[in-house]
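Reader: I am in my first year of study and would like to look closely at one part of this model. Could you please take me through the salt bridges and the surroundings in which they are found?

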Amino acid sequence: MKAVSVSALNEQIKNLLETTFVQVAVEGELSRITYHNSGHIYFTLKDSGSAISGVMFRGNAAHLRFRLEEGLKVVVRGGITLYKPRGSYQINAQIIEPAGQGALALAYEQLKARLSEEGLFDSERKKALPRYPKKIALITSATGAALQDMKRVAVHRWPLTELFVYDSIVQGEQAPFSLLSALNAADKAGYDVIVLSRGGGSMEDLWGFNDEALARAVAAAATPVVSAVGHEIDWVITDFVADLRAPTPSAAMQMILPDQYEMMMSLDGLQEQYDRRIGEKIRKESQSVLHLFERYKQHSVEQRIKEQSNLLVQLQQRYDQSISYRMKQADGLLEPMGVRLGQAQMMLLNQKQSLLNALQSNMIAQDPKSKVKKGFAQVVKGGRPVSLYNVSVGDEIELMDSDYTAVAEVKSVRENSTNNK
């Protein structure tokens, strides 16, 4: 037997496998799942006794409606192929379905559980709807019956509200993108309320409202969002994240808008209350006016004016007497106070004059000129009298007597011979 290369052998095995097992359906439990950056999904399918590797390439993975999870039982449909570099065979998965339940139902429950864990369903984060919305954005199909139902209810309940329609695809693969684009545009436009809606249908028909990106956009919207999709028994993911869930599109308008007829009845009731209270107020005030009129007749206005005039005259007299008395008291106090003030001024003036005379005498006595004897002069250096002992050669000095002052420069200093004895 002629030997072949490993590559040739693997190529023969690959051809045999791919022509023999063109299409298989294998049920097992998922493990070792890897979502690769390329978009491919790698996994292992196992049961209690065996395991087989599997791959779902990006093109098929894009149509997968749910997320592969560890331990999930699935049915994998595809062909058997061989990966030549390692000589290992694997399932090339084309379709993966949950075992025992539909893919859409599983994807729905997976997304619902994930968003719930993140708190997107919590009532605390949901926004309150305005009581009297002025502008409402309707995101739905412009040709659908749901739009006509909502318009009819709005006109009947509260015609003052303006409706703005954002025509969107509400079914099929393009529905999530179309709904998301309309929601983002409406949220930026400043409406009071946004309504996501469509009529009833199968789970596949409503699947566009189970999109994760759309659900997160609804939760993050600044404008209150109402989800009104399908019939009362239909629940989609946007119902849980929206600020309000309505069982049908027409029910959404009933829940959002006030009833004009109820409002009219309420206004009529308020008008009746107003009329009743105004009537009671008028009757009460009329009684008060009658009572005042009776009192007016019993007490003449002219008499009260005369009494008040007499009272004013008496008060004026009492005031004049009080002022006259206080003026006399003040006059009696001013005279002795004036005498004492004059005496105090004279005493202070004498004291100051004596002090001035003493200071003047002292100044004259301290004047250097007055201390110099006739025929002598006093030596002043730096403005102070000094002895010749304190004078040095080059000093500028002043010689003063009682009449003159001479400025001189010291040429020499010598000690008298008498001091040496």
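Author: The account below begins with the salt bridges and then turns to other places in the chain. Please keep in mind throughout that this is a predicted model.

The count of salt bridges comes to 10. One of them joins the side chains of Glu11 and Lys84, with 2.8 Å from N to O. This pair links distant parts of the chain, since Glu11 belongs to helix α1 while Lys84 is in the loop between β4 and β5, 73 residues apart. How buried or exposed is Glu11? Its relative accessibility is 28%, and because the partly exposed class lies between 20% and 50%, Glu11 counts as partly exposed. Lys84 has a relative accessible area of 34% and is therefore partly exposed as well.

A second salt bridge is formed by the side chains of Glu97 and Arg77, at 3.8 Å from N to O. Glu97 lies in strand β5 and Arg77 in strand β4, so this pair ties together parts that are 20 residues apart in sequence. The relative accessible area of Glu97 is 35%, so Glu97 is partly exposed. Arg77, at 35% relative accessibility, also counts as partly exposed.

A third salt bridge is the one between the side chains of Lys127 and Asp243, at 3.4 Å from N to O. Lys127 is placed in the loop between α3 and β6, and Asp243 in the loop between α7 and β10, so the pair ties together parts that are 116 residues apart in sequence. Is each partner buried or exposed? Lys127 has a relative accessible area of 24% and is partly exposed. Asp243 has a relative accessible area of 11%; because buried means under 20%, Asp243 is buried.

Salt bridges may also be joined to one another. Arg114, Glu118, Glu212 and Arg216 are linked in a network of salt bridges.

Two of the elements named above also hold residues that deserve attention. The first element to revisit is helix α1, which covers residues 6–20. Ile13 has its place in this helix. With a relative accessible area of 33%, Ile13 is partly exposed. Together with Val4 and Leu9, Ile13 forms a nonpolar patch on the surface, and the accessible area of these residues together is about 240 Å².

The other element is strand β4, made of residues 73–83, in which Ile80 is found. Ile80 has a relative accessible area of 10%, so this residue is buried. Which residues does Ile80 touch, leaving aside those up to four places away in sequence? They are Leu17, Glu18, Phe21, Val24, Ile52, Tyr89, Gln90 and Ile91. For Glu18, the separation from Ile80 is 62 residues in sequence, whereas the distance in space is 5.7 Å from C-alpha to C-alpha.

Glu69 offers another example, in the loop between α2 and β4. At 36% relative accessibility, Glu69 counts as partly exposed. Not counting residues up to four places away in sequence, Glu69 touches Leu30, Ile33 and Gln110. Phe57 and Glu69 are 12 residues apart in sequence and 17 Å apart in space, again from C-alpha to C-alpha.

The backbone of strand β1 also merits a remark. Arg32 lies in this strand, which runs over residues 24–35. The phi angle of Arg32 is near 50°, a positive value in a residue other than glycine. At 67% relative accessibility, Arg32 counts as exposed, because that class begins over 50%.

The interior can be examined through helix α8, which spans residues 249–256. Its buried residues are Pro249, Ala251, Ala252, Met253 and Ile256. What do these buried residues of α8 pack against? Their partners are β6, α4, β7, β8 and β9.

Finally, there is open space to consider. The largest pocket holds about 740 Å³ of space. Its lining is made up of 24 residues, and Leu64, Arg65, Phe66, Trp207 and Asp211 lie nearest its centre. Helix α3, residues 103–117, supplies the largest share of that lining, namely five residues.

Key. Residues numbered from 1 in each chain as written. Predicted model: local features only at pLDDT ≥ 70, side-chain atom pairs only at ≥ 80, totals over all residues. Heavy atoms only, no water. Helix = DSSP H or I, 4+ residues; strand = E, 2+ residues; numbered from the N terminus. Buried < 20%, exposed > 50% of the residue type's maximum accessible area, 1.4 Å probe, protein only. Contact = heavy atoms within 4.5 Å. Patch = residues over 30% accessible without salt bridge, like charges linked within 9 Å, V, L, I, M, F, W, Y side chains within 5 Å. Areas by Shrake-Rupley, 256 points an atom, 1.4 Å probe, with all protein chains shown as cover. Salt bridge = Lys/Arg side-chain N within 4 Å of Asp/Glu carboxyl O. 1 Å grid on protein atoms, 1.4 Å probe; cavity = no way out; pocket = protein on both sides within 12 Å on 5 of 7 lines; lining within 4 Å. Points joined across faces, edges and corners; volume = space filled by probe spheres on them.
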